[in-house]
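Biologist: I am new to this one, and I would love a friendly tour. Could you show me the structure before we begin?

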Amino acid sequence: MINLEMTMLALSLLVCTLATAGFLLSLLIKKIELAKVSTWILAIGFLFLTLNLLGAAIHSSGWDNFGSRHFLSIYAWTISGIYLGLQLQTKTRLLGAFISPFILLFLIAAVGQGSDKNLVPPEWQGWLTTFHLVLAIAGEALFVLASAAGAMFMIQNNLIKHKKPGSLGRLLPSLGDLDRINHLGLLWGFPLLTLGMIAGAVYAALVWGSLWPADPKVIWSLAVWIVYGVLLHQRLAIGWKGSRMALLSCVVFALFILSAVVIRFCFSTVHNFI
Amino acid sequence: MIVLVGLNHKTAPLSVRERLFAGCQEQVGLLGDLQAIGGVLEILYLSTCNRVELVAAVEDVPQALKALKYFLAGQGSLTNEEAAACLYGYQDEEAIRHLFRVTSSLDSQVLGEAQILGQVKDAYRQALAQNATGVALNRLMHRAFRTAKRVRTETGIAANPVSVSFTAVELAKKIFGSLSGKKVLLIGAGEMAELTGQHLIGNGADEITVANRSLSQAAVLAEKFHGKAIGLDALDTAIGDADIVISSTGSPAPIVTEEMIRQCLHKRKNRLLFLIDIAVPRDIDPAVDGIENVYLYNIDNLQDIVDENMKNRRREALKAEQIVAEEVTHYSHWLRELEAVPTIVSLRGKAEDIVRMEMAKAQSWMAKFENGDREKVDALVNGIVNKILHAPVTVMKEESAEFSSQDIVAAARHLFRLDD
């Protein structure tokens with residue numbers, strides 16, 4: 001079973017590499033058709049990844065066998081799922097060029113990780129932890145989407161502002177579509193992350209007797225959550241739109257990545273499985 | 001053999017084109033007259049505002065060129081000098097190439113425009129209805145349409161707009177995505193603004209407001225778009241509601257100021273705003289472009305994009321010429337092969353005649369043949385004749401397709417005494 005799982009994971013890595021290469025090439029040679037094909041390839045990768053995760057879920061009992069590898073694959077799976085779902089509604093194939101590198105990174109990291117580390121200690125396992133993890137991952141995946149759309153918005157905005165739409169401008173989605181995706185990412189990502197964090201806090205309160213354990217990851221996440229909350233507030237209540245939102249979501253996202261990396265490698269934390 | 005005679009916007013001034021166009025319009029049964037010209041086997045007549053051309057399959061090229069030029073000069077009452085300066089005549093591959101280039105819009109005033117293909121199709125339909133075309137022109141026209149289709153799909157010659165108004169629409173799509181539900185404000189009732197407004201509506205924008213110094217003029221234009229007319233004093237509110245603003249007034253000073261836009265930003269909730277200023281002197285203060293989520297394009301900005309797109313089209317035209325060259329080779333190949341066909345037919349006819357005669361002579365002694373033997377002799381004789389003819393027929397086809405059919409056909413006619 002493990003072998004089949006690993007085969008599926010390796011296959012999805014291979015297929016996603018192909019899709020990423022296709023997306024980047026389409027950006028380079030400025031042919032939208034290639035991005036369309038790459039979207040289909042990514043869909044195949046998504047299928048393999050789903051099989052991999054299904055295999056892992058059937059094979060394991062509870063969280064016993066869930067390790068870093070699975071969490072990283074869930075990240076990749078969620079991001080690709082959201083991207084593909086979005087493609088059913090909008091024609092923003094080129095978004096893949098900005099999203100697929102993240103998917104690929106998560107997959108590479110997943111393949112490099114062992115699954116036997118049993119990273120969620122047995123005494124922590126429970127539905128609340130599951131809830132916490134799944135929601136937090138989904139929320140973060142949506143922020144990845146929002147930020148990718150933001151980055152594309154800034155490029156397109158720059159081209160149009162400088163009166164040079166050219167072939168790249170023709171290739172990139174319209175400002176309106178990109179702003180909408182940014183909006184959707186924030187709108188759905190924030191409540192999911194909020195719920196995820198509440199679940200984590202409740203769990204911490206129940207098990208450790210403290211709502212906010214002085215864990216560096218928790219503190220950073222809280223900071224990120226607040227910043228995203230402010231962004232969403234500005235967007236919904238104040239009516240910030242377009243280039244300012246795009247820029248801010250990119251900055252916040254960079255901050256988020258930085259915090260994740262710094263915490264992963266420099267601090268000891270209860271969240272050290274990803 | 002194919003010839004093409006005509007004039008176009010490059011060779012003839014408008015006054016000459018007008019005269020010829022009018023002359024050809026008036027003439028009823030023009031195709032009939034053309035068919036009656038000696039040596040013209042098949043004919044097609046194409047007339048657009050930029051060109052009048054005759055395409056014909058003829059027996060004698062120099063004579064046909066002369067006759068067709070004379071015909072056109074007569075229709076347009078051209079003087080000898082005018083005819084000499086304006087009319088061109090092409091033959092064989094040159095004629096085929098010219099027709100393919102015209103159909104593919106490589107010879108058009110606006111490179112890559114889409115109308116010409118429809119016009120050529122109409123011309124062909126007319127000729128077809130009057131039985132003016134035959135095997136050579138039918139095939140030629142189908143090849144021409146095929147070439148035009150290939151040029152459109154395989155090159156980017158028609159990819160990007162080369163008019164200011166379509167460029168504005170494309171930009172609007174790049175800014176808003178879909179134009180449906182977008183509100184358009186026209187300031188000034190100029191023709192250019194009207195045209196752009198029309199294109200925007202055609203692409204999904206659905207609410208048009210016309211603002212003008214004279215309210216009555218605004219009302220006339222607004223009527224056309226089923227929109228609303230306002231005076232310039234209500235401009236602030238109108239800009240607050242609009243997504244796309246097109247300005248083209250004759251005002252000497254800017255009528256849309258930075259202050260005006262900044263004030264309505266809050267009301268607009270920072271919605272994206274696309275401003276198109278096609279007036280000279282400018283109607284919209286250039287400083288507006290510095291505001292976030294506001295995109296201002298003036299006539300020069302749009303013209304630059306048009307120029308850039310035009311340059312791209314010219315680059316794509318080089319690829320298109322390649323396609324035309326391929327298709328010309330294909331067709332001429334087929335046409336030359338066709339020229340050997342009458343000779344092949346008469347060669348086969350002659351062989352069949354000989355067989356029939358010899359078999360008739362042998363009738364008496366074959367009478368005593370038993371059942372079925374006669375058929376066997378028939379099959380044998382036909383088999384031998386076919387085998388002998390196979391080589392000369394194949395060589396004739398191949399040679400005439402590769403080179404000119406004249407020499408080999410003449411040799412065959414001489415060798416087999418086909419002309420006796």
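Modeller: Here are some questions and answers about this predicted model.

Biologist: Let us begin with chain A. What elements does chain A have, and in which order do they run?

Modeller: Chain A has nine helices and zero strands. Its 274 residues include 42% that count as buried. With helices as its elements, the run from the N terminus on is α-α-α-α-α-α-α-α-α.

Biologist: Is Lys30(A) buried, partly exposed or exposed?

Modeller: Lys30(A) sits in the loop between helix H1 (2–29) and helix H2 (32–59) of chain A. Its phi is near 60°, a positive value in a residue other than glycine. Most residues other than glycine have a negative phi. Because 14 other C-beta atoms lie within 10 Å, and a buried residue needs 20 or more while an exposed one has 12 or fewer, Lys30(A) is partly exposed.

Biologist: And what about Lys269(B), buried or exposed?

Modeller: Lys269(B) lies in the loop between helix H12 (258–268) and E9 of chain B. Phi here is near 55°, a positive value for a residue that is not glycine. There are 10 C-beta neighbours inside 10 Å, and the limit for this class is 12 or fewer, so Lys269(B) counts as exposed.

Biologist: Now to the sheets of chain B. What is the strand order of the sheet with antiparallel pairing?

Modeller: This open sheet has four strands. Strand E2 (40–47) and strand E4 (88–91) of chain B are the edge strands, each pairing on one side only. Neighbouring strands are turned by 15° against each other on average, direction ignored. Reading across the sheet, the order is E2-E3-E1-E4.

Biologist: Which residue is the bridge partner of Gly6(B) in E3(B)?

Modeller: Strand E1 (residues 2–8) and strand E3 (residues 51–58) of chain B pair in the antiparallel sense over seven bridges. The partner of Gly6(B) in E3(B) is Glu53(B).

Biologist: At what angle to E1(B) does helix H5 of chain B run?

Modeller: Helix H3 (residues 61–75) of chain B lies across E1, E2, E3 and E4 of chain B, at about 30° to E1(B). Helix H5 (residues 92–103) of chain B also packs on the sheet, touching E1, E3 and E4 of chain B. The direction of H5 makes an angle with that of E1(B) of about 50°.

Biologist: What is the average twist from one strand to the next in the parallel sheet?

Modeller: Six strands of chain B form this open sheet, in the order E7-E6-E5-E8-E9-E10, with parallel pairing. At its edges are strand E7 (228–231) and E10 of chain B, each of which pairs on one side only. From one strand to the next, the twist averages 20°.

Biologist: Which residue in E7(B) stands opposite Val210(B)?

Modeller: Strand E6 (residues 207–212) of chain B pairs with E7(B) in the parallel sense over four bridges. Opposite Val210(B), in E7(B), stands Ala229(B).

Biologist: Which residue does a cis peptide bond join to Val280(B)?

Modeller: Most peptide bonds are trans. The cis bond in question has an omega of about -5°. The residue joined to Val280(B) is found in the loop between strand E9 (273–277) and E10 of chain B, and it is Pro281(B).

Biologist: How far apart are the centres of domain 2 and domain 3 of chain B?

Modeller: Chain B is divided into domain 1 (2–159), domain 2 (164–305) and domain 3 (333–415). Taken over C-alpha atoms, the centres of domain 2 and domain 3 of chain B are separated by 77 Å.

Biologist: Last one: which element of chain B gives the largest share of the side that touches chain A?

Modeller: In total, 17 residues of chain B are in contact with 15 residues of chain A. Helix H8 (164–176), strand E10 (294–298) and helix H13 (299–361) of chain B each supply at least two residues of that side of chain B. By class, this side has seven nonpolar, four polar and six charged residues. The largest share, five residues, comes from H8(B).

Key:
Residues are numbered from 1 along each chain as its sequence is written. Chains are lettered from A and ligands numbered from 1 in the order in which they are written. This is a predicted model: local features need pLDDT of at least 70, side-chain atom pairs count only at pLDDT 80 or more; totals for chains, interfaces and linings use all residues. Two residues are in contact if their C-beta atoms, placed from the backbone, lie within 7 Å. Ala, Val, Leu, Ile, Met, Phe, Trp, Tyr, Cys and Pro count as nonpolar, Asp, Glu, Lys and Arg as charged, and the others, Gly among them, as polar. Two strands pair if DSSP finds at least two bridges between them. Axes are lines fitted to C-alpha atoms, for helices over the stretch in contact, and angles run from 0 to 180 degrees between N-to-C directions. Domain bounds come from an automatic or database domain assignment.
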